[in-house]
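Work through the exercises below with the model open. Try each task before reading its solution.

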Amino acid sequence: MSAAPALLEMRQITKEFPGVKALSDVSLTVRRGEVHAICGENGAGKSTLMKVLSGVYPHGTYDGDIVFEGEIVQFKDIRASERAGIVIIHQELALIPELSIAENIFLGNERARGGRIDWVGTNRRAIELLRHVGLREDPETPIKTIGVGKQQLVEIAKALNKDVKLLILDEPTAALNEEDSAHLLDLIEGLRERGITSIIISHKLNEIERIADSVTIIRDGRSIETLDVAAGGVDEDRIIKGMVGRSLESRFPEHTPRLGETFFEVQDWTVEHPQVAGRLVCKGSSFHVRRGEIVGFAGLMGAGRTELMRSIFGRSYGTLLGGRMILDGREVTLKNVSQAIDAGIGYVTEDRKVLGLNLLDDIKTTTTAARLKKIAKHLVVDRNAEFAAADGYRRSLRTKTPSVEEGVAKLSGGNQQKVVLAKWLFAEPELLILDEPTRGIDVGAKYEIYGIIQQLADAGKGVIVVSSELPELLGLSDRIYTICEGRITGELAKHEATQENLMRLMTTTGSAAGRAATPAAGSTGATAAR
Amino acid sequence: MKHLKAVFGNDTRQFGMIFALIALIVFFQVRTNGLLLTPTNVINLFQGNSYILVLAIGMVLVIIAGHIDLSVGSVAAAVGISVAIAMRDWSLPWGLAILFGLLIGAIIGAWQGFWVAYVGIPAFIVTLAGMLIFRGLNQKIGDSDSIPVPNGYQVIGRGYLPEFGPLTGYNNLTLIIGLALIAAIVTGALRTRRNQRKIGADMAPMWTVVVRLLLICGAILAVTLLFASGRRGTSFPVSGLILGVLVLIYSFVSSRTVIGRHVYAVGGNKHAAELSGVKSKQINFLVMMNMSILAALAGMMFVARSTASGPSDGVNWELDAIAAVFIGGAAVSGGVGTVVGSIVGGLVMAVLNNGMQLLSVGADDTSIIKGLVLLLAVAFDVYNKSQGRPSLIGRLTSGRRDRPAVEQPAPADPARNISETVHTEA
Ligand SMILES: Nc1ncnc2c1ncn2[C@@H]1O[C@H](COP(=O)(O)OP(=O)(O)OP(=O)(O)O)[C@@H](O)[C@H]1O
Ligand SMILES: [Mg+2]
């Protein structure tokens, strides 16, 4: 280890939940002024360790010592840890959508004189903080109107306001696109220059390799090793080896597609924003999917990919202004989600907390929720069949949980994602639409999920994958569409797609460019095959 | 403690509530020198509270779906008076009058359900309006007067199971029903176990199942004998029978059927439910409509018991029903609650009321104590949740949950460490 003294030392931390030992004897040493990464599989205990550190789980609910700046500390809540200079930004953002940027930054910390909020001072300070994080927005803008990337920056501005010494970021880039992620990582490097130490948890190992000075690896609730990245010689493969205990030869399973006929087609699909009349979120989109095919959709955040998919999925988003949908050669109208499910369409949402899960439910009821009919006789649920089905998916997806009777709220983020996937696999759709299917999922599990997607395709189903991670789209898809500002701007077959030309098509605005790109792509790969 | 848990499951909430009920019963039994558990008093207690418990059944579904219904007392009163008038002025036979009352309940429910589900007005407001509207309707129809109901009709509120068969010293029908219930529970438990073994689910140890069965059956037997030994002619009340049947039906519907699942799903996360194909509007409509139908039934039962329908019937019933549901472990934010829990909650309130009456505690003190009990019960629940203990839906009848501790699944890769099994004890 280098000369810099330790800012934080966690010694022999053990944390138990009823029936689950989440951490056993975990130790972590973070040097002053470094960026320290924590890696591990889903459910390894990363978030739990950080919650112990930041007082979410107060002193007394865990065993072991925390030494911060040379002294043993015993935080009784988050406020106590914040007073000491430790600020955590959770895996799920904790901003209040209705409030403005400035109000969110100062929430719980309001600048007031005699009980009255000092708005001038608040806004002035907010502008200053926003400048530090490189966000050019009016502090009075409501949070709900800015994208996730910017919200993440607001979270950091909020942390900076609290005189932070140690900043903890739990999967800060999971929901961000490449550009926003890059910006965020730059910002963390900038904070390091200013002497702020950070701990970052991420499943995007390329980011870790780029930014971290050292990495601590946690596996099954134990600290395995700490690697010195700054000293060199640590690459993604080395980290993976630590995480899963063996090396992973490739990130994508071998797969040769067996393409069948075109069975799903959408023509001139046009959708209006649900609140803003006249604003189109999908502008005359046309695309098709063949049996056995994995079709990727690339686009920047806010390009309208999710909106397009949800509107196809039983008009669950926006107002449909025009367009035809053809399924197995027949035109169909799907007016609501249950009709879409009956027609054989499934949609795995990108927002699992808000749209994908009922956090009060247990794993088995969640698994069967989208197709309860399958295990119900005369509307009565067969609970044995349900248990058996859910348990089958627990095994095949290797969801880390003691039993499928546990509540989904207790699962780690990545394992919740697996349950959402199980729910739609159980529904057995002919066309499965996956919106950011591997968000927050570890490398090993990603590989398995890719395998499952490919099996679905091999069984003659169609799969649509929407993803912000271009390598994922390139590795998995047989054909990729690009979307920009609600318009499909390109269509590339697997062999002609590269990060560069995808990126170019994803940022081609204007209809002229869009039209120019489509025939160019169509003349080669996919259209010829149709 | 560990053994208690093994028998009753890890569910502190339900566990706590049932013990609170037992403690209350023991307390009053001792303080009243045994007056509480005499056949006459228990029969009275049931007859005097069955309509609130009927309301609680509907209310728990409304609350699980994330709504509230403040109008139940007024709806009950409006239906009660209509039925009384129908029998007096149109000489409708009482059987038809009951159907007529249920129909009115359904129409009122459709009206409220329409505003809640399809127009999207919060149930709090719709039913606050309903509370005023239907109270007014009751007084308008009945001219703020009291209207008596015929004897035949009074059976649903004051009647008892008939006497027949050999003289055993007990009411034979009550005995038969009690024994049938015990038989059903035992075979049900055995079948569940067989099925669990078949599909390889986790099973509770045999002894916990046996102890639990013994306790449940013992309790049923005791209650059966208590009712059956009532004065000749007074045994198990018909209103209790109606309640029992409703509890069975609604427990089954809420926990075992597709519709029940959908109610929990809508209350837990409406958006996620809709994206899983649940028609949330339909569910909201049904839940509100069902509540008014049950309110109609409760109103009719009350009128039958008090032999007349009056202008102040049903005042404050909504509060008793809502209190029962929350004491029974439902969450204000929806998605959580059980029918059986709410009945237990309702019985806690009923025993409190009755016990304090027997001790001649004044209405003022009774009200204060009931308020405190509601607050403490919910505080207990909140505290449990903040401790991260399981406190959600109680499933006393399910055998799978009650493992004291569980293992992490063994990782598929043998190179990994296998996590330890941990026994935690609270
Ligand atoms: N409140 C809780 N009650 C019971 N078990 C819990 C609770 N919170 C977490 N766990 C369990 O503790 C373990 C560690 O969870 P944790 O959230 O720390 O994982 P993680 O490493 O952050 O995973 P991910 O990468 O998926 O976010 C998991 O097995 C999880 O099921
Ligand atoms: Mg986590």
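**Exercise 1. Characterise the shell around ligand 1, in a model that is predicted.**

Solution.
- Step 1: sort the shell by residue class. It divides into 4 nonpolar, 10 polar and 4 charged residues.
- Step 2: list the neighbours. The shell holds 18 residues, and the closest are Lys46(A), Ser47(A), Thr48(A), His203(A) and Gly414(A).
- Step 3: assign helices. H1 (46-53) and H14 (413-426) of chain A each supply at least two shell residues. H1(A) gives the most, with 3 residues.
- Step 4: move up to domains. Domain 1 (6-244) and domain 3 (360-421) of chain A both give residues to the shell, so ligand 1 lies between them.

**Exercise 2. Find polar partners for the oxygen atoms of ligand 1, then state how much of the ligand is covered.**

Solution.
- Step 1: check the backbone. A polar backbone atom of Gly45(A) is 2.9 Å from an oxygen atom of ligand 1.
- Step 2: check the side chains. An N or O atom in the side chain of Lys46(A) sits 2.8 Å from a ligand oxygen. For Ser412(A), a polar side-chain atom is 2.8 Å from an oxygen atom of ligand 1.
- Step 3: turn to the area. On its own, ligand 1 has 640 Å² of accessible area, and the protein covers 90% of it.

**Exercise 3. Is Asn42(A) buried or exposed, and what does its side chain reach?**

Solution.
- Step 1: locate the residue. Asn42(A) is in the loop between strand S3 (35-39) and H1 of chain A.
- Step 2: apply the cut-off. Buried means under 20% relative accessible area. Asn42(A) has 7%, so it is buried.
- Step 3: follow the side chain. It reaches the backbone oxygen of Gly440(A) at 3.0 Å.

**Exercise 4. Examine the cysteines for disulfides and burial.**

Solution.
- Step 1: search the whole structure. Over all chains, 0 disulfides are found.
- Step 2: test one cysteine. Cys282(A) is in no disulfide, and the nearest cysteine sulfur, that of Cys484(A), is 13 Å away.
- Step 3: read the burial. Cys282(A) has 1% relative accessibility, so it counts as buried. Cys39(A) is buried too, with a relative accessible area of 0%.

**Exercise 5. Place Val133(A) in chain A and classify its accessibility.**

Solution.
- Step 1: find the loop. Val133(A) lies between helix H4 (119-132) and helix H5 (148-161) of chain A.
- Step 2: classify. A relative accessible area of 1% makes Val133(A) buried.
- Step 3: take a distance. Val133(A) and Ala94(A) are 39 residues apart along the chain, and their C-alpha atoms are separated by 18 Å.

**Exercise 6. Compare the settings of two non-glycine residues with positive phi, Arg315(A) and Ser91(B).**

Solution.
- Step 1: note the angles. Phi is about 50 degrees for Arg315(A) and about 40 degrees for Ser91(B).
- Step 2: place both. Arg315(A) is in the loop between helix H9 (305-312) and strand S16 (319-327) of chain A. Ser91(B) is in the loop between helix H4 (72-89) and helix H5 (94-119) of chain B.
- Step 3: classify. Arg315(A), at 34% relative accessibility, counts as partly exposed. Ser91(B), at 57%, counts as exposed.

**Exercise 7. How many residues of helix H14(B) are buried, and what follows the helix?**

Solution.
- Step 1: count. In H14 (residues 317-327) of chain B, 9 of the 11 residues are buried.
- Step 2: name some. Among them are Trp317(B), Glu318(B) and Phe326(B).
- Step 3: look past the helix. H14(B) is followed by Gly329(B), with a positive phi near 100 degrees.

Key. Residues are numbered from 1 along each chain as its sequence is written. Chains are lettered from A and ligands numbered from 1 in the order in which they are written. This is a predicted model: local features need pLDDT of at least 70, side-chain atom pairs count only at pLDDT 80 or more; totals for chains, interfaces and linings use all residues. Side-chain values use heavy atoms; hydrogens and water are left out. A residue is near a molecule or strand if one of its heavy atoms lies within 4 Å of it. A polar contact is a pair of N or O atoms within 3.5 Å; within protein, one must be able to donate a hydrogen and the other to accept it, and residues adjacent in sequence count only if both atoms are side-chain atoms. Accessible areas come from the Shrake-Rupley method with a 1.4 Å probe; for residues, only the protein chains shown count as cover. Helices (H or I, at least four residues) and strands (E, at least two) are DSSP runs, numbered from the N terminus. Ala, Val, Leu, Ile, Met, Phe, Trp, Tyr, Cys and Pro count as nonpolar, Asp, Glu, Lys and Arg as charged, and the others, Gly among them, as polar. Domain bounds come from an automatic or database domain assignment. A disulfide is a pair of cysteine sulfur atoms within 2.5 Å. Buried means under 20% relative accessible area, exposed over 50%, partly exposed in between (1.4 Å probe, protein chains only).
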